Amino acid sequence: MLMVSWDYQIRDYRGLHVKPIAEIMSALLDSRCSVWLSCHGRRVNARDVMGLMELKGRKGDILAFQFMGEDEEAASGICQELLSKIRL
């Protein structure tokens, strides 16, 4: 099993807030892989709303995404497409 990982710089002046968190979680509902986000040295499960809120990502911060499991490529693509649409 391999792992897909990439970084994303937050562009929204509001940072990582409730709406994009809900959209990320919704996009991952059907994925079967593990998805982790890291920011400021803290790593949380992308399906944990409170954990994502505690990342406190601000504009300019880097979110590190990690996907591991049977549909990691598909889940990664879904997240990349979502982030380009919502312009987090």
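What follows is a conversation about a predicted model, touching on one helix, its salt bridges and a surface patch.

Reader: Let's start with H3: what span should its 15 residues have, and how far apart are its end C-alpha atoms?

Author: Helix H3 runs over residues 72-86, and at 1.5 Å a residue it should span 21 Å; the end C-alpha atoms are 21 Å apart, which agrees.

Reader: Which residues of H3 are buried?

Author: The buried ones in H3 are Glu72, Ala75, Ser76, Cys79, Leu82 and Leu83. Looking down the axis of H3, these buried residues fall within an arc of 130°, so they line one face of the helix.

Reader: And what do the buried residues of H3 pack against?

Author: They pack against strand E1 (3-9), helix H1 (18-27) and strand E4 (62-68). The face of H3 that is turned away from the buried side carries Glu73 and Lys85, which are exposed.

Reader: Which residue forms a salt bridge with Lys85?

Author: Glu81 does, with the closest N and O atoms 3.2 Å apart. Both Glu81 and Lys85 lie in helix H3, 4 residues apart, or about one turn of the helix. An α-helix has 3.6 residues a turn, so residues three or four places apart point the same way. As for accessibility, Glu81 counts as partly exposed at 45%, while Lys85 is exposed at 59%.

Reader: What comes right after H3?

Author: Arg87 follows H3, and the phi of Arg87 is positive, near 55°.

Reader: Back to salt bridges: how many are there?

Author: The count comes to 4 salt bridges. One of them joins the side chains of Arg42 and Glu54, at 2.6 Å from N to O. That pair links distant parts of the chain, since Arg42 is in strand E3 (residues 42-45) and Glu54 is in helix H2, 12 residues apart. Arg42 is partly exposed, with a relative accessible area of 38%, and Glu54 is also partly exposed, at 42%.

Reader: What about Asp12, is that one buried or exposed?

Author: Asp12 counts as buried, because its relative accessibility is 10% and the cut-off for buried is under 20%. The side chain of Asp12 meets that of Arg14 in a salt bridge, 3.0 Å from N to O.

Reader: Switching topic, which residues form the nonpolar patch on the surface?

Author: Val18, Val49, Met50 and Met53 form the patch, and together they have about 350 Å² of accessible area. Helix H2 (residues 49-54) gives the most to the patch, with 3 residues. Met53, which lies in helix H2, is partly exposed, with a relative accessible area of 33%.

Note on methods
Residues are numbered from 1 along each chain as its sequence is written. This is a predicted model: local features need pLDDT of at least 70, side-chain atom pairs count only at pLDDT 80 or more; totals for chains, interfaces and linings use all residues. Side-chain values use heavy atoms; hydrogens and water are left out. Helices (H or I, at least four residues) and strands (E, at least two) are DSSP runs, numbered from the N terminus. The expected span of a helix is 1.5 Å times one less than its number of residues. Buried means under 20% relative accessible area, exposed over 50%, partly exposed in between (1.4 Å probe, protein chains only). The arc is that of the directions from the helix axis to the C-beta atoms. Contact means heavy atoms within 4.5 Å. Patches are made of residues with over 30% relative accessible area and no salt bridge: like charges are joined within 9 Å, nonpolar side chains (Val, Leu, Ile, Met, Phe, Trp, Tyr) within 5 Å. Accessible areas come from the Shrake-Rupley method with a 1.4 Å probe; for residues, only the protein chains shown count as cover.
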